[in-house]
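Here are my notes after a pass through this one, as numbered points. Have the viewer open as you read.

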Amino acid sequence: MALLLLTSLNHLVSFSLTRLPSSSAHNLFLSRSFSSSIRRFNRFSLKPLRSFASMSSSSPDAAQTPLTTAPYGSWKSPITADIVSGASKRLGGTAVDSHGRLVLLESRPNESGRGVLVLQGETSIDITPKDFAVRTLTQEYGGGAFQISSDDTLVFSNYKDQRLYKQDITDKDSSPKPITPDYGAPAVTYADGVFDSRFNRYVTVREDGRQDRSNPITTIVEVNLSGETLEEPKVLVSGNDFYAFPRLDPKCERLAWIEWSHPNMPWDKAELWVGYISEGGNIDKRVCVAGCDPKYVESPTEPKWSSRGELFFVTDRKNGCWNIHKWIESTNEVVSVYPLDGEFAKPLWIFGTNSYEIIECSEEKNLIACSYRQKGKSYLGIVDDSQGSCSLLDIPLTDFDSITLGNQCLYVEGASAVLPPSVARVTLDQHKTKALSSEIVWSSSPDVLKYKAYFSVPELIEFPTEVPGQNAYAYFYPPTNPLYNASMEEKPPLLVKSHGGPTAESRGSLNLNIQYWTSRGWAFVDVNYGGSTGYGREYRERLLRQWGIVDVDDCCGCAKYLVSSGKADVKRLCISGGSAGGYTTLASLAFRDVFKAGASLYGVADLKMLKEEGHKFESRYIDNLVGDEKDFYERSPINFVDKFSCPIILFQGLEDKVVTPDQSRKIYEALKKKGLPVALVEYEGEQHGFRKAENIKYTLEQQMVFFARVVGGFKVADDITPLKIDNFDT
């Protein structure tokens, strides 16, 4: 769920069940119409990536180039599938070493998605040796795969064997050395660790599947960093189903952590605890800080200690939004730092998120660099906890993820309507409340601005739902190409994107995947249906026991709203989604008659199968989303194949443990038997989401050609060899 190439394409794939090498899911994150972000872009220094400064020179001048009138969908675009799949690196986290240098984790599609730690500087240096890859599989989705100590010791999780390794990043010849035992198979994984200088150990979350891979035991353990003998990690905290965010105070005398239990997900209900560490290194006493008071249903997350030993964290008590709070230890009270109808955190799908940082301050106050979301828009600011105020920072990015504290600066991960996922170094003034300058120091796609003239800038729309007086949200991207227009009589085909999770959110950031469609003449809309995050607990809980109803209604309602607004062709409405978004896609096609074709990427067809075969983290998730056994049956598209009435293409990784290959195969075989146009592509070596550039490319191209052939009424300009469609090609 989250629930996010052929060697040559110059031959016709003569079979509909196409099995390809492995790859990676390319998440489709969308942005709102941030015209101000485009203006801001030129106000800040972008020197570290010189290619940004000259990119727009190759863009055509629409005022001087005569427009070609051609059908929507048939426009030629320089934003090719090769560019989309190969140009974008992913960011898996950032840190700063003792010299203030930025270290970041890149996932590289052109290296089969290999995770590589890179030390930024005048010349960037790969820290990770060629035969290693930094990635953890804890809770399947991973995150928090590395950490750097104050003396520049690196600990990371190696993808192949899932063991922890230690490396000295100050020594270029230092090779990683294992610090956890070899169990013969990657049955034990680690994530989200911190260094304990008091006991020379590494405190981390461990998921142990040696006894039962389907139900691993999760604990917080210590890994000894001294000595040459590999020791079995010692358990410090245990007894609950899940743990995250182990965080030590500055003196390493107290450990904070988050824990939760079935049937809850961490955003439903969780607890924040603090344990007091004895002279022997054990936790002898513990206090529940948040989540145990029956007056509140809350989901605390991201605990963090200030330099003075104060505990901050984010929780959604009282107003239903994730706000920053502080623990008053002497009275065991929790106080809100800056109450706001906005979300200062996001759901804990992966480990190691860092939504805020506490800035060192000489005065008796804390300054907190943070970001928050309000109704589809992101804000970056500095909160003063002594005054309960927030000073907003104006930088080129308009959609923010993690924040890392550097030397007299912040490293902010984010994007905008015209900038791809990037890292900006933000230099603060002497009062640390304003941005003096901002410069992009890393970009997922450094050459992207050469296509700026082709970018479709999204518009945040609000549309009515099936519930009277209740609205939902989406980002709408109109067809955009400076060289083409369509006839006044024609309306564009529309691709509706249903995001994964389903507890997730479409965000306001540039994604070339989307621009691939819009620059060819498609309209594109990414729907934040009821159940999405970023709008508070009440909005998120619209989906409780309503998955397959609310999300489907909202995706269909959004498409109909755009048709009624004159922005889309009612006869060419298509829908696509991955994982949980794939389920919403299939459910929309089975239980509604709005769409004319669909594409499911590792989507759920059988809810019961998902429940029975899913991994521990999500094993009770859909109980809350669906309901009883009858609901599981009645909302599973596979049980109602007779209701499907339009073409579908499916893409599936053969090593997917979240949505197993049988799900896609069952829907494929059923639709083939029914006589509907259908195709299935399977990728060897792929897990939940595709990581190889060649497979990302193939998936994107074949979706485009599939839709063009079955509902488009136009010919795609690109030279793409289509795969065979059962019940369509003879």
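1. The lining of the largest cavity is a mix: six nonpolar residues, two polar and three charged. Keep in mind that this is a predicted model. The lining residues are Met-265, Trp-267, Asp-268, Thr-503, Arg-540, Glu-541, Leu-543, Leu-544, Tyr-621, Asn-624 and Leu-625.

2. Which element gives the largest share of that lining? Helix 9, residues 621–626, with three residues. As for the space inside the largest cavity, the volume comes out at about 90 Å³. The general idea behind such a search is simple: rolling a probe the size of a water molecule over the atoms shows where empty space is left.

3. Next, have a look at strand 35, residues 523–528. Six of the six residues in strand 35 are buried. In a regular strand the side chains alternate between the two faces of the sheet. In strand 35 both faces are covered, with Ala-523, Val-525 and Val-527 on one side and Phe-524, Asp-526 and Asn-528 on the other. So, if you want to check the charged residue there, Asp-526 is on the buried list too.

4. What does strand 35 pair with, and in which sense? Strand 32 (residues 471–477) pairs with strand 35 in the antiparallel sense, over five bridges, and Tyr-475 stands opposite Asp-526. Strand 34 (residues 494–498) pairs with strand 35 in the parallel sense, also over five bridges. There, Leu-495 has Phe-524 as its bridge partner.

5. The parallel pair also belongs to a β-α-β unit: strand 34, helix 4 (residues 512–518) and strand 35 make one, and the unit is right-handed.

6. On to the cysteines. How many disulfides does the structure hold? One, formed by Cys-288 and Cys-292, with 2.1 Å between their sulfur atoms. The disulfide is right-handed because the torsion about the S-S bond is about 90 degrees. Are its two ends buried or exposed? Cys-288 has 16% relative accessibility, so Cys-288 counts as buried, while Cys-292, at 38%, counts as partly exposed.

7. Two further cysteines are worth a look. Cys-370 is in no disulfide, and the nearest cysteine sulfur, that of Cys-390, lies 5.1 Å away. The cut-off for a disulfide is 2.5 Å between the sulfur atoms, so that pair does not count. Cys-370 is buried, at a relative accessible area of 0%.

8. Cys-574 is in no disulfide either: the nearest cysteine sulfur belongs to Cys-646, 8.3 Å away. Cys-574 is buried, with a relative accessible area of 0%.

Conventions
Residues are numbered from 1 along each chain as its sequence is written. This is a predicted model: local features need pLDDT of at least 70, side-chain atom pairs count only at pLDDT 80 or more; totals for chains, interfaces and linings use all residues. Side-chain values use heavy atoms; hydrogens and water are left out. On a 1 Å grid over the protein atoms alone, a cavity is a set of points where a 1.4 Å probe fits but cannot get out, and a pocket is an open set with protein on both sides within 12 Å along at least five of seven lines; lining residues have an atom within 4 Å of a point. Grid points are joined across faces, edges and corners, and a volume is the space filled by probe spheres set on the points. Helices (H or I, at least four residues) and strands (E, at least two) are DSSP runs, numbered from the N terminus. Buried means under 20% relative accessible area, exposed over 50%, partly exposed in between (1.4 Å probe, protein chains only). Two strands pair if DSSP finds at least two bridges between them. A crossover is right-handed if, with the strands pointing away from the viewer, the path from the first strand over the helix to the second runs clockwise.
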